[in-house]
Amino acid sequence: MRILALASEGPLTSVVKASIDKRSGMARLKPVPSLNRIRENRSKMAIPITYNVRNLRLRLGATMMTALGIALTVAVAVFIMALLAGLKKAFVSSGDPLNVLVLRKGSQAELQSGVDRESYQTIKYLPGIAKDKAGEPLASGEVVVVIVIPRKDSSGETNVTVRGMSPTGFELRPAIKLAEGRWFNTGQREIVVSKSVSSRFRNAALGDELFFGKGKCKVVGVFDAGETAASSEIWADVNQMASDFERSAAFSSVLVHATDSIAAQSLKNRMNDDQRLRLDAFMEPDYYGEQTKSGKPIQFVGTIVAFVMAIGSCFAAMNTMYAAVAYRSREIATLRIVGFSRPSIITSFVIESVLLALLGAALGLILMLPFNGLTTGTANSLTFSETVFSVRITFAVLVTAIGFAVAMGLFGGIAPAWHASRGEILAALRD
Amino acid sequence: MTLSRFATKNAFRNRRRSFITAISIAFSLLLLTLLMSVYRGFYIDQGPPESALRLVTRHKVSLVFWLPSYYREKVRTIPGVVRVSPWNWFGGIYKDTKPENTFAQFGVDPSEIFDVIKEDRVPPDQLEAFKHDRAGAAVNRALAEKHGWKVGDKVIVKGTIYPINLEVTIRAIYDSDNAFDSMFFSTEYIDQALPRVKGRTGTLYTLVDSPEHVTSISKAIDEMFANSPQPTKTETEKGFTLSFVAQLGNVKLFILSICGAVVFAILLVSANTMAMTIRERTREVAVLKTLGFTRRTILSLYIGEAMTISVFGGLLGATGATLLMIIASKMPNGTFFTGFKVNTPTYLVALAVAALVGFVSAFFPSYSASQRNIVDGLRHIG
């Protein structure tokens, strides 16, 4: 009787031929050099990835269920990251680097601030402010208030910023274009609303009338502010708003346009340092950048949700991989016999787990793609009003989501892979 | 051996798998329990019974507009109104804008405020001192402890809305079940420092005599000022709080969709485990049938097994969430969580969800297993 067997000699096992000596009746073990040479070469080889892909396909039911679980986790994470990316975009792209925003000293936001008309006259004629065609300085005293209006989707009412401005205000914001209708006329109860305000709130479409202040205001135009903070605003004539809201004594803020960046910086410093004026000046982009922290609640809740779901998904992946290992114990033993080393088996199973997670990530991203570009809003802690922004699945979000899934696959796959490489070869073969 | 015991034994046959499944379910249910508690805190709970008796009146257009102070006395004339206090948001900064230094400051009428929020407890002598010092302040105990304030300490809060700083002496420290860190001071402080804002108030806090009168009184208040230059909007305290939640966005939908995703995810995990388990035991099912067990018994056996695992996971998760909520509310920045607790109904709902998930996940694989031909089953090679 002759059998092939495996003998363990130190770290490496080798194939031996076992036979029973007819004369002495003793068992004899003789290594098989040809087979062992193949094994030695194999031990340096990695198991091809197609093996893992085929295995995932073979156990399609389990694979899909686990992948879907991971997909849901990835989807939640992507949604939250996309919300934050959109919110950040709305603030980061707001503001002209040559614009300087002036508030009362100590105020954090336009809503709290008050700059009296006298100071406005002083600010207006400071050196370094650009002039318009008529030779007037590009400075706009503005009145900012918030009003509560109901959303269209009946998810409640929210605060919306109303900005009273003079026509100079348009010149200071050249990026903002009229999309429909016309700009308001001064001295009229007319307002222009941003595209998103128009589509998200009741009675805010072109031709509608919104009731606030001391009466009805007609929507005469819709402007397109792209994805900037202004896309959450309603604009109206400054004097009309000042009288409506009894803010005639002071502007909320003053926005000035500097001739160049050096002038902007010196304007800012000059106003900050002037003890008599008692003003705080900000570069417009900095002022909006500060508001990105409005995303903190979403970030906080989102991180917890994504993290806990990820732990759940890790365990789910682990379960599937353990099942895969148990199901294939004989196969793994065979792989070991033909010479694949333990590290290559560990690598192979971890790769399989990561592939599973990547499939989940792909499904999750597909699930979330329809939400890309969706407009939504959240409370801005600084302006006390709603900031509208779009959900944006940016490249960074994409990469993070994939990384997130890979991490889940790694954590879920390592323990089962380790077990796979440690199994008793002979016991597994006999099973 | 009874059937339930058999199911439990089976559940722990492949210990590692059952354990991993239970842990996976536990984490998801932990999240679900937390989300349900927040949802309940926002939309279902009515707060303490006194809270239901309180109304908040603000300017109809928005909170940033003032109401004339004399509205207070007019509101008082409405039958059923017990107490009214002004309630002015000061919006100041203590030290800096870091979250741990953030708390609310309200200008109130010291002689009446603790009759409006009557469930908060103030020592009588401290209340007297607070009433008699126009530059005095009352703070809740948690806030006082956080900053190490004692009665008699001076605190300076920088104004943002008002161009003045609040320099007040702590006269009273009150105990409140409410999580909200706040400081009360006399509205007169602002009136005297800034004569131009005298005669204005932000909101009015009203206590009414009985829950039946809440709706009619809030209507009466709004009707009283409907045609004046400053029309009002009156809501219950809860409604007022909810309007802040509504500003965060569609929170309701957000919570519900995450809950949905979580439940679906655990359903997948559990179903996967059960499918694996039952596939492995095809031969066993055939043997059980040969021994004379009915399909129904076999079905209930496997469903029982799945439910054992998922309810075990549910128990872990819901208990974990309860503990986590308690720990979070004790953390220095955890005031947000103090308002939310995992109560018994939420806990039971979480367990019910777990049980339901177990049931649904096991039903289809075990149904097909129980329908399988005995001979095929016996021939099946695992």
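This report describes the fold, surface and selected residues of a predicted model with chains A and B.

The model is predicted, so local features need pLDDT of at least 70, side-chain atom pairs count only at pLDDT 80 or more, and totals for chains, interfaces and linings use all residues. Residues are numbered from 1 along each chain as its sequence is written, chains are lettered from A and ligands numbered from 1 in the order in which they are written, and side-chain values use heavy atoms, with hydrogens and water left out.

**Chains**

Chain A contains 14 helices and 17 strands, while chain B contains 15 helices and eleven strands. Helices (H or I, at least four residues) and strands (E, at least two) are DSSP runs, numbered from the N terminus.

The radius of gyration of chain A is 34 Å, where a compact globule of 431 residues would have a value near 22 Å. For chain B the radius is 29 Å, well over the 21 Å that the globule rule gives for 382 residues, so chain B is more spread out than a compact globule. The radius is taken over C-alpha atoms, and the globule rule is 2.2 Å times the number of residues to the power 0.38. The table gives the extent of each C-alpha trace along its principal axes.

| Chain | Approximate span along principal axes |
|---|---|
| Chain A | 120 × 45 × 30 Å |
| Chain B | 95 × 45 × 35 Å |

In chain A, 53% of the 431 residues are buried; in chain B, 53% of the 382 residues are buried. Buried means under 20% relative accessible area, exposed over 50%, and partly exposed in between (1.4 Å probe, protein chains only). The accessible surface is about 19500 Å² for chain A, with 61% belonging to carbon and sulfur atoms, and about 17800 Å² for chain B, with 62% belonging to those atoms. These areas come from the Shrake-Rupley method with a 1.4 Å probe; for residues, only the protein chains shown count as cover.

For pairs at least 6 apart in sequence, 74% of the contacts in chain A join residues at least 24 apart, and in chain B the share is 81%. A contact means heavy atoms within 4.5 Å.

**Selected residues**

Helix α4 of chain A (residues 117-124) has A:Ser119, A:Tyr120, A:Ile123 and A:Lys124 as its buried residues. They cover an arc of only 140° around the axis, which puts them on the same side of α4(A). The arc is that of the directions from the helix axis to the C-beta atoms. An α-helix has 3.6 residues a turn, so residues three or four places apart point the same way.

A:Gln291 sits in the loop between α9 (284-290) and α10 (296-327) of chain A, and counts as buried at 1% relative accessibility. Leaving out residues up to four places away in sequence, A:Gln291 touches A:Phe91, A:Asn380, A:Leu382 and A:Thr383.

In chain B, B:Val245 belongs to helix α9 (residues 237-247) and is buried at 7% relative accessibility. Beyond residues up to four places away in sequence, B:Val245 touches B:Phe42, B:Tyr43 and B:Val251.

Most residues other than glycine have a negative phi. A:Asn203, which is not a glycine, has a positive phi of about 55°. A:Asn203 is in the loop between α6 (195-200) and β10 (209-212) of chain A and is partly exposed, with a relative accessible area of 45%. A:Arg278 has a positive phi near 50°. A:Arg278 is placed in the loop between α8 (261-273) and β15 (279-283) of chain A and is partly exposed at 48%.
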